[in-house]
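The following exercises are intended for a reader who meets this structure for the first time. Please attempt each task before reading its solution.

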Amino acid sequence: MTPDPNLSKANTIQGSMEDALLSVPYPIVQFTGMELRVSYANDALLSLWGKDKSIIGQTYLEILPEHADQPFPALLRSVIESGVAHTDSEAVAYLMKDGVLQPVYFDYSFTVVRNLSGENTGVMVVCKDVTEQVLARQKLEDSEARFRSMVMQAPFAIAVLHGREFVIEMANSNTLNIWGKENNVLGKQLAEVFPELIAQGFLDILRNVFDSGKPFYGNEYAVTLLKDGEMTNAFLNFVYHPIIENKQVTSIMSVGYDVTDLVLSRRSAEKQKELLENLNRAGEELALTLDTDSALQKISELLVPNFADWFTINILKDDILELLLIVNSDEEYVQWAKEFRIKVPVTINNTGVHGHVIRTGESVLIPRVTDEIIEAAIKDKEQLAQIKKMQLRSSIVVPMTVGTRIIGSVNFVSTVEGREYDEMDLNFAKDFATRIALALENARLHESAQQEIAERKKAEFALRESEEQFRSLSNAIPQLAWMSDKDGWIFWYNDRWYDYTGTNLEEMQGWGWEKIHHPDHKQRVVDFAQEAWKKEKPFEITFPLRGKTGEWRWFLTRAEPIFDIQGNLVRWFGTNTDITEQKEALEQNETLLKEMEFERNRFEAVVKQMPGSVVIAEAPTGKIIFSNDKIKDIWGHPLKQSENVDQYIEWVGFHPDGRQYEGHEWPLARSIQSGEIVIDEDVDIIRHGEQAILRLSSAPILDNSRNIIAGVVVSQDVTELKKAVRTRDEFLSIASHELKTPLTTLTASIQLLMRVYGQHPTAPAVASLIETSFKSAGKLGSLISELLNVSKIESGQLKLSRTTFNLFNVVSECCEFVRLQGSHTLVLEGNRELDVFADRQRIEQVIVNFVNNAVKYAPESNLIKLVIEETADSAKLTVIDQGIGIDEAKLPHLFERYFRVDPSGIEYSGLGLGLYISSEIIKLHGGKVGVESKLDEGSAFWFTIPFK
């Protein structure tokens, strides 16, 4: 059997999304095999490598030989061997660009790719170039890194209907395509353009939306439109949304898209599955039916009303078709039909449908029954009137065959509007008619066999005659048939068996049938059969049998025990039904489903590995249909499920000017509604009670006809990046001011010194100007020293020169400059004998910074205490002042780079680097640094140095 082509349609959106990955700005490549051959690469990857599509099929090192000494080939092979994914951030790779090997930094993930058997066959690589971010952090001057988002495409249709007359004010090209109209419909009333919509209730829906101000949502809504002069049925997903101006509804916006193919594809698949299930169930149940009445009853239950509203079974006797069974809910009609068939019998020479089917063996499908068809087929006025009264909608007539012999016909009829038979139904009807014929024949065979056994003792001649009849009937059925004694010794096969196997009774009798069984299944069948003989109950089993051409085909074997009048088992009767085509069809369907599942899993694996959150919504409604796991981390809450674009208003976000986003203003909504491609739009949100900044990029998703079917948006958290840029800019402003002040003073002092010295070399002002110039130069040198220290820290160049020294002595020496100034009193307390192993010069730098801060921020309190303590594993120094204290909210940031306290609005000089440098020096020693402070109570800065 050929697989149903409708199954492949389910891959449409999936395939569109995979094709759309070609334009995703994140480089994506798939390697296959341990030799790492490229089997897939998107445009971003080709651009990054500077290659084209010709690299497909080449190995990794053939394409990038410069990577031979880099770790990536080994890592990729490790993922294939282990099946364990590998990810890394800011990994450095060297690529040849313009003839020069240049470093590039990436965030990447290596994910194993498996085939349908679960074997590791390759690795999928998704990466993101973060070179700009890394360089920006290292050099400070670099501008912020830009995140590129996945760009995908999708369809969209929109129209605006003005006033209660619903004048078509606007309709985009996608809407006109759905309508089958041109731009000349603009300015016309909807009812004038589509009079067919009035009877379908659409104008009533629009009026209700206009009057109530409430939107209406249609999901897979059936509509009939006049296109190119023909009425066309379609299914739409749409929303009618009121447009309110000055608290009054002035217009209605219609947003929708055509889902006809999806609906019909799904319904076709569902129908095929239902028919296949019904067919399998019918085969199983009818196979167990051993008498005609039970078979007819079971047939009626299976078909009405699931497949037909009424049907008939006609058996050919001589040249007349006798009505064997008619099933319908109208008992009066059933009785009339039986009486009419007796009065007016149908012969094989009849000009009607049944006569044609019996004569030719051809099935007849009438998808839609019209009065013209009925009048042409039925000439009897009484029958014509009765048939018209039944309001027939669709009909199928198929022959019943046993072998090559036509034994009758079956008629399936639908009287329900909307249920019209098609080719799929016709195939079902043919298969079901075959099963009906087999069931009736099996029932007759069984009844004949039972009658033969019951009458065997009456007359040996009658028994032999009955057996001959039975064998003749067995030879007439399309199945292979056999009989055995009560122990399973087969003594008879029908002609079908010999025709198929090319054997004879001498080869096959007894257990000779084992010769044509497949070696992989023979022992299973033998064991099953031996056990089945003992149970004396009907059984069935499936296995392959070899035909005379050497071909193996699958058969369903059913066996019935036959008992004598005393209830003793005397023999077995069995049939073998060829089920090869059914089995292959089921296997093909299972393979297609597995392939669809594999493609869906591969797509989700790629999306889940992306560094940002990804949300996909269908068009035109905007209903959310997919999101990856990053959404909660980036937005601070799970995804808010939305059924349409209007519900996007529930997403809380703000423009740079503070305005809250309306539902239609979100990038995803704009991509779905207008096809806009949005790149790097920053949105302010509140996450866990704090402001955060997200960078959103969105794009429509297009099908093969360039129609919008969905939209995708990628969100990146750029809060820290924005904060770093703002901090950098503030620092540059402060650094410029702080460096300019001493430089200006130094320049002015030198100019004045030159003027005074030229006129009066010994004047007192000369010494004063020299001192002022020296202080300005010293301050300038100090600022430059801080900047150099930060540069060394950031680049990892700050080295320690450790020696053992007495901490108390160093603290005392560092405080001498404060004592000389006489502005504050310094008190040293604690352990005077404590030695530490550290870089003396760097520790002095930290102590001086702590003391200077105490002097700076405690101008009104002249007492500063320095306490030296010994803990279990380290030495601790605490500098305590009685100054103005520090706000508790600022304490966690004191040791951050460029942070300046500036309490109570007072501006203090400095770059905000002292505490940061001190903290990094202590961390290099393996120690800790901290502060305790309260406003108006002073502060205590401390650090520890471990003994080891």
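**Exercise 1: A histidine in a helix**

Task: Decide whether H354 is buried or exposed, and describe its surroundings.

Solution. The relative accessibility of H354 is 18%, so this residue counts as buried, the cut-off for that class being under 20%. The model is a predicted one, and in it H354 belongs to helix 14 (residues 353-360). Next, consider the contacts of H354 beyond four places in sequence: these are T312, N314, L321, V346, V397, S409 and N411. Finally, the C-alpha atoms of H354 and V410 lie 8.7 Å apart, although 56 residues separate the two in sequence.

**Exercise 2: The protein as a whole**

Task: State how many helices and strands the protein has, and what share of its residues is buried.

Solution. The protein contains 30 helices and 33 strands. Of its 948 residues, 47% are buried. Among contacts with a separation of 6 or more, 56% are between residues 24 or more positions apart.

**Exercise 3: The nonpolar cores**

Task: Identify which residues of the largest nonpolar core touch the most other members, and which helix gives the largest share of this core.

Solution. The largest nonpolar core has 39 residues, and those touching the most other members are V811, I843, I847, L866 and F943. Helix 29 (residues 840-857) supplies the largest share of this core, namely seven residues. A second core, separate from this one, has 36 residues, including L303, I313, I396 and F428. As general background, nonpolar side chains in soluble globular proteins tend to be buried together.

One core member may now be examined singly. Apart from neighbours within four places in sequence, I843 contacts F805, L807, A838, I922, H925, F943 and I945.

**Exercise 4: Helix 29 against helix 30**

Task: Describe how helix 29 and helix 30 pack, and explain why helix 30 may be called largely enclosed.

Solution. The axes of helix 29 and helix 30 are 10 Å apart, at an angle of about 145°. The crossing of these two helices is left-handed. On the side of helix 29, the residues that meet the partner are R842, I843, Q845, V846, N849, F850 and N853; on the side of helix 30, they are G914, L915, I917, S918, I921 and I922. By class, seven residues of this contact are nonpolar, five are polar and one is charged.

The burial of helix 30 (residues 914-924) follows. Nine of its 11 residues are buried, so the rest of the structure largely encloses this helix. The buried residues are G914, L915, Y916, I917, S918, S919, E920, I921 and I922. After helix 30 comes G926, with a positive phi near 85°.

**Exercise 5: Helix 13 against helix 16**

Task: Determine the relative direction of helix 13 and helix 16, and list the residues through which they meet.

Solution. The axes of helix 13 (residues 331-343) and helix 16 (residues 381-389) come within 12 Å and cross at roughly 155°. Angles over 145 degrees count as roughly antiparallel, and helix 13 is therefore roughly antiparallel to helix 16. The handedness of this crossing is left. Helix 13 contributes Y333, W336, F340 and K343, which meet E382, Q383, Q386 and I387 of helix 16. This contact comprises four nonpolar, two polar and two charged residues.

**Exercise 6: Backbone exceptions in loops**

Task: Find where K247, D318 and P620 lie, and state what is notable in their backbone.

Solution. Most residues other than glycine have a negative phi, and most peptide bonds are trans. K247, which is not a glycine, has a positive phi of about 65°. Its place is the loop between strand 9 (230-245) and strand 10 (248-258), and K247 is exposed at a relative accessible area of 79%. D318 likewise has a positive phi, near 55°. The loop between strand 11 (310-317) and strand 12 (320-328) holds D318, which is exposed with a relative accessible area of 76%. As for P620, a cis peptide bond with omega of about 5° joins A619 to P620. P620 lies in the loop between strand 22 (613-618) and strand 23 (624-627).

**Exercise 7: A tyrosine in a loop**

Task: Determine whether Y648 is buried or exposed, and name its contacts.

Solution. Y648 sits in the loop between helix 23 (630-635) and helix 24 (667-674). With a relative accessible area of 0%, Y648 is buried. Beyond four places in sequence, Y648 contacts A617, G622, I624, S642, G663, W666, L668, A669 and I672. One of these, L668, is 20 residues from Y648 along the chain, with 9.3 Å between their C-alpha atoms.

Methods
Residues numbered from 1 in each chain as written. Predicted model: local features only at pLDDT ≥ 70, side-chain atom pairs only at ≥ 80, totals over all residues. Heavy atoms only, no water. Core = buried A, V, L, I, M, F, W, Y, C linked by side-chain atoms within 4.5 Å. Buried < 20%, exposed > 50% of the residue type's maximum accessible area, 1.4 Å probe, protein only. Helix = DSSP H or I, 4+ residues; strand = E, 2+ residues; numbered from the N terminus. Contact = heavy atoms within 4.5 Å. Axes fitted to C-alpha atoms, helices over the stretch in contact; angles between N-to-C directions. Parallel < 35°, antiparallel > 145°, perpendicular 65-115°, else oblique. Left-handed = near helix turned anticlockwise from the far one by under 90°. Nonpolar A, V, L, I, M, F, W, Y, C, P; charged D, E, K, R; others polar.
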